[in-house]
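Biologist: Hello! Could you teach me how to read a structure, one feature at a time?
Modeller: Gladly. Let us open it and begin.

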Amino acid sequence: MEIIIQSDSKEGDKVAARMIAGLIRRKPDAVLGLATGSTPLGLYRELVRMHREEGLDFSGVTSFNLDEYIGLATDHPQSYHRFMFENLFNHINMATDRIHVPDGMTADVPAFCADYEQSIRAAGGIDLQVLGIGTDGHVGFNEPSSSLASRTRIKTLTQQTLSDNARHFADPSGQPHHVITMGIGTIMESRQVVMLAFGANKADAVARSVEGPVCAMMPASVLQFHPRAHVILDDASAARLSKADYYRWVYDNKPAWQQH
Ligand code: PGA
């Protein structure tokens with residue numbers, strides 16, 4: 001894992017955006033795996049800025065989102081479909097038919113999930129997957145105890161995730177408990193992973209994922225097995241890492257050819 005600690009989330013967003021922009025410039029038909037939640041908002045703002053000001057061209061890019069709430073229609077204010085259009089897709093030049101967000105209204109969840117996996121394979125696999133991390137260590141909505149080999153499927157949210165996300169729902173009775181999420185096995189097949197975590201409330205999950213044992217009870221820890229995983233942190237989310245000084249030194253002394 002490459003642990004990149006920046007002074008604040010804005011600097012972290014820029015590092016992640018440079019990685020994505022570099023990939024798109026090298027490979028204009030790149031396949032991105034995208035995440036929702038408050039964490040990637042700054043990254044998406046930076047990508048929109050790069051599109052507007054630097055001509056970053058998304059016209060050949062394909063995307064697959066990690067997850068969606070079951071029971072929320074695409075235009076529901078809290079659906080991840082709507083989140084992605086409002087925060088990214090409406091502001092860049094991606095072709096709508098290359099955008100994939102799981103369908104929370106599907107009548108046949110297992111069949112939809114199998115199709116989603118097939119679509120990822122048909123697109124050539126994910127080149128770069130963006131991830132956040134839950135305070136309970138989830139990636140996508142793969143909650144603790146998720147199989148580390150899991151594929152896209154239905155999951156039930158933990159109480160901790162429900163209360164972390166309750167702020168988005170004016171009426172708590174309208175907050176879905178069930179989701180469709182890419183599996184951990186699906187995520188692990190992406191060629192590159194960029195996990196972002198900002199703020200003190202993520203420090204414990206970050207320390208356990210980066211420096212703790214690989215364990216289904218801390219799903220993000222599986223990234224220790226990924227050959228190309230970057231973890232982008234701010235000072236607050238890195239506060240409980242025992243080797244933070246080493247990670248900072250490594251990043252500050254990267255050979256020029258290896259810099260992002
Ligand atoms: P957050 O959620 O970005 O809103 O903190 C992260 C996650 O649940 O993966």
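**Reading a loop, a ligand site and a ring pair**

Modeller: Let us start with one residue: Ser145 lies in the loop between S6 and S7. Keep in mind that this is a predicted model.

Biologist: What is the phi of Ser145 near?
Modeller: Phi of Ser145 is near 90°, which is a positive value in a residue other than glycine.

Biologist: Now the ligand. Which residues surround the ligand?
Modeller: To read a site, list the neighbours and then sort them by character. Here Gly37, Ser38, Thr39, Gly132, Ile133, Gly134, His138, Arg167 and Lys202 surround the ligand. Sorted, this shell has 1 nonpolar, 6 polar and 2 charged residues.

Biologist: Which side chains have a polar atom by an oxygen atom of the ligand?
Modeller: For polar contacts, look for N or O atoms within 3.5 Å of each other. The side chain of Thr39 has an N or O atom 2.4 Å from a ligand oxygen. For Lys202, a polar side-chain atom is 2.6 Å from an oxygen of the ligand, and for Ser38 the distance from a side-chain N or O atom to a ligand oxygen is 2.8 Å.

Biologist: How much of the ligand's accessible area does the protein cover?
Modeller: On its own the ligand has 280 Å² of accessible area, and the protein covers 84% of that. The space that the ligand takes is the largest pocket.

Biologist: And the aromatic rings: how many pairs are there?
Modeller: Searching the whole structure gives 9 aromatic pairs. Take Tyr69 and Phe141: their ring centres are 5.8 Å apart and their planes meet at 50°, so this pair is tilted.

Biologist: Where in the chain do Tyr69 and Phe141 lie?
Modeller: Tyr69 is in strand S4 (residues 67–69), while Phe141 is in the loop between strand S6 (128–131) and strand S7 (153–156). They are 72 residues apart, and the pair links distant parts of the chain.

Technical notes. Residues are numbered from 1 along each chain as its sequence is written. This is a predicted model: local features need pLDDT of at least 70, side-chain atom pairs count only at pLDDT 80 or more; totals for chains, interfaces and linings use all residues. Side-chain values use heavy atoms; hydrogens and water are left out. A residue is near a molecule or strand if one of its heavy atoms lies within 4 Å of it. A polar contact is a pair of N or O atoms within 3.5 Å; within protein, one must be able to donate a hydrogen and the other to accept it, and residues adjacent in sequence count only if both atoms are side-chain atoms. Accessible areas come from the Shrake-Rupley method with a 1.4 Å probe; for residues, only the protein chains shown count as cover. On a 1 Å grid over the protein atoms alone, a cavity is a set of points where a 1.4 Å probe fits but cannot get out, and a pocket is an open set with protein on both sides within 12 Å along at least five of seven lines; lining residues have an atom within 4 Å of a point. A molecule sits in a cavity or pocket if more than half of its atoms lie within 2 Å of its grid points. Ala, Val, Leu, Ile, Met, Phe, Trp, Tyr, Cys and Pro count as nonpolar, Asp, Glu, Lys and Arg as charged, and the others, Gly among them, as polar. Rings of Phe, Tyr and Trp (its six-membered ring) pair if their centres lie within 6.5 Å; planes under 30 degrees apart count as stacked, over 60 as edge-to-face and the rest as tilted. Helices (H or I, at least four residues) and strands (E, at least two) are DSSP runs, numbered from the N terminus.
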